[in-house]
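Here is a friendly briefing on how some helices pack against each other and on what lines a pocket. Have a look at the structure first, and then follow the notes below.

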Amino acid sequence: RMPRYQALADRLLSRYTDGAIAVSGSTRDFLIRERSVPPERVRVIWNGAPLDEFAPVPAEKSLALRAALGIAPGALVFGTIGRLSAQKGHVHLIDAAARILPLRPEARLLIVGDGDMASELRTQAATLGISGQTIFAGHRTDVRELLGVLDVFCISSLYEGTPLALFEAMAAGKPIVSTAVDGCREVLTEGETGLLVPAADAASLARALERVLSDPALRAALAAAARAASRRYDVAACVDAMQAFYDDLLAED
C-alpha cells in the first residue's frame, strides 16, 4: 500500500488533477483506489512499441544467430528477454526449465538481459543441472534478431504494468506463455493469443511451456493470432491516443 504521507498528499492534490494516464485497467484501478484520482479523470492508454521494428526476421538470420549462440538449427528454444530482477520471476522460469530440459536433450533455455539477479540465476541453473542447456546471453541490443531465435517467448513476471517485451514478442509472431499478471492478462486472450499461468508457479509454467513446445500447430496458431493482435499496441496508436487525451483536456479550459 501507499505510505501514509503519500496518501495524504494524493487526497490534497486530487481536486487539482485534470487527468491521469494509466497503462492498463489494473493501473487505472490502482490510481483510483490508492492514489485518490477521480475515476472520471483516468484514461487507459496502452504502452506502445515501434512494432514495425520487431517484424519477424528472415530465417537465414535466425539460423546464423543460433549458430553464434551454439544452438543447433532444429533445437526448440524457449526463453525471455528483459532485466534480470526479482520482479521478472526468472527463478520460476529456471525451475520450470529444470522440469522440461532433462526430457528434451536438444532443447535450450535462452535468457537475455542483465541485472542484479544474474549471478544467482546462473548458480540456480548449475544447481539444477541445466547449465549445459541454458544460455545466458547477457545485455544485448539485437532484440529483434534474438526474438527470431526463440520458438516460445515466456514472461514469468510476478507483477507488471504492460511490458513492452510482450508487445515486441507479439509483433515478432511468437507464441507466448505468460504469468496472468495485471497488463499481461488484459492484453493476452487465454488459448488464443497466448497461454496464461499463475505467477510464481513453476509447475504450471512448465506444463504450459511443454504444451506449446510439443504442439507445432498450437505454436503456429498462437503466433499468428498474437501478431494480428499486436497492431493495436503500435506506438503510433499510443501517440494518437495521448494526443486525443491532451486535446480533450485543453478543450475543457
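The place to start is one helix-helix contact: His 90, Val 91, Ile 94 and Asp 95 in H4 touch Glu 120, Leu 121, Gln 124 and Ala 125 in H5. Sorted by class, the residues of this contact are four nonpolar, two polar and two charged. Please keep in mind that this is a predicted model. Two packed helices are described by the angle between their axes and the distance between the axes, and the bullets follow that scheme.

**H4 with H5**
- Helix H4 covers residues 90-100 and helix H5 covers residues 118-127; they pack at an angle of about 15°, and their axes are 10 Å apart.
- Angles under 35 degrees count as roughly parallel, so H4 and H5 are roughly parallel to each other.
- The crossing in which H4 passes H5 is right-handed.

**H4 with H9**
- H4 also packs against H9: the two axes come within 8 Å and cross at roughly 55°.
- H4 is therefore oblique to H9.
- As for handedness, H4 and H9 make a right-handed crossing.
- On the H4 side, the contact is formed by His 92, Leu 93, Asp 95, Ala 96, Arg 99 and Ile 100.
- On the H9 side, their partners are Ala 202, Ala 203, Leu 205, Ala 206, Leu 209, Glu 210 and Leu 213.
- The residues of the contact between H4 and H9 comprise nine nonpolar, one polar and three charged.
- Asp 95 of H4 takes part in the contact with H5 and also in the contact with H9.

**H9 with H10**
- Helix H9 (residues 202-213) packs with helix H10 (residues 216-229) at an angle of about 100°, with 6 Å between their axes.
- Because of that angle, H9 is roughly perpendicular to H10.
- Arg 211, Val 212 and Leu 213 from H9 meet Leu 218, Arg 219 and Leu 222 from H10.
- This contact of H9 with H10 has four nonpolar and two charged residues, and no polar ones.
- Leu 213 of H9 meets residues of H10 and is also part of the contact with H4.

**The largest pocket**
- The volume of the largest pocket is about 190 Å³.
- Its lining is made up of 18 residues, and those nearest the pocket centre are Val 57, Ser 62, Gly 148, Val 149 and Lys 174.
- Helix H3 (59-68) and helix H6 (143-149) each contribute at least two residues to the lining of the largest pocket.
- The lining of the largest pocket includes 11 nonpolar, three polar and four charged residues.

Conventions
Residues numbered from 1 in each chain as written. Predicted model: local features only at pLDDT ≥ 70, side-chain atom pairs only at ≥ 80, totals over all residues. Heavy atoms only, no water. Axes fitted to C-alpha atoms, helices over the stretch in contact; angles between N-to-C directions. Helix = DSSP H or I, 4+ residues; strand = E, 2+ residues; numbered from the N terminus. Parallel < 35°, antiparallel > 145°, perpendicular 65-115°, else oblique. Left-handed = near helix turned anticlockwise from the far one by under 90°. Contact = heavy atoms within 4.5 Å. Nonpolar A, V, L, I, M, F, W, Y, C, P; charged D, E, K, R; others polar. 1 Å grid on protein atoms, 1.4 Å probe; cavity = no way out; pocket = protein on both sides within 12 Å on 5 of 7 lines; lining within 4 Å. Points joined across faces, edges and corners; volume = space filled by probe spheres on them.
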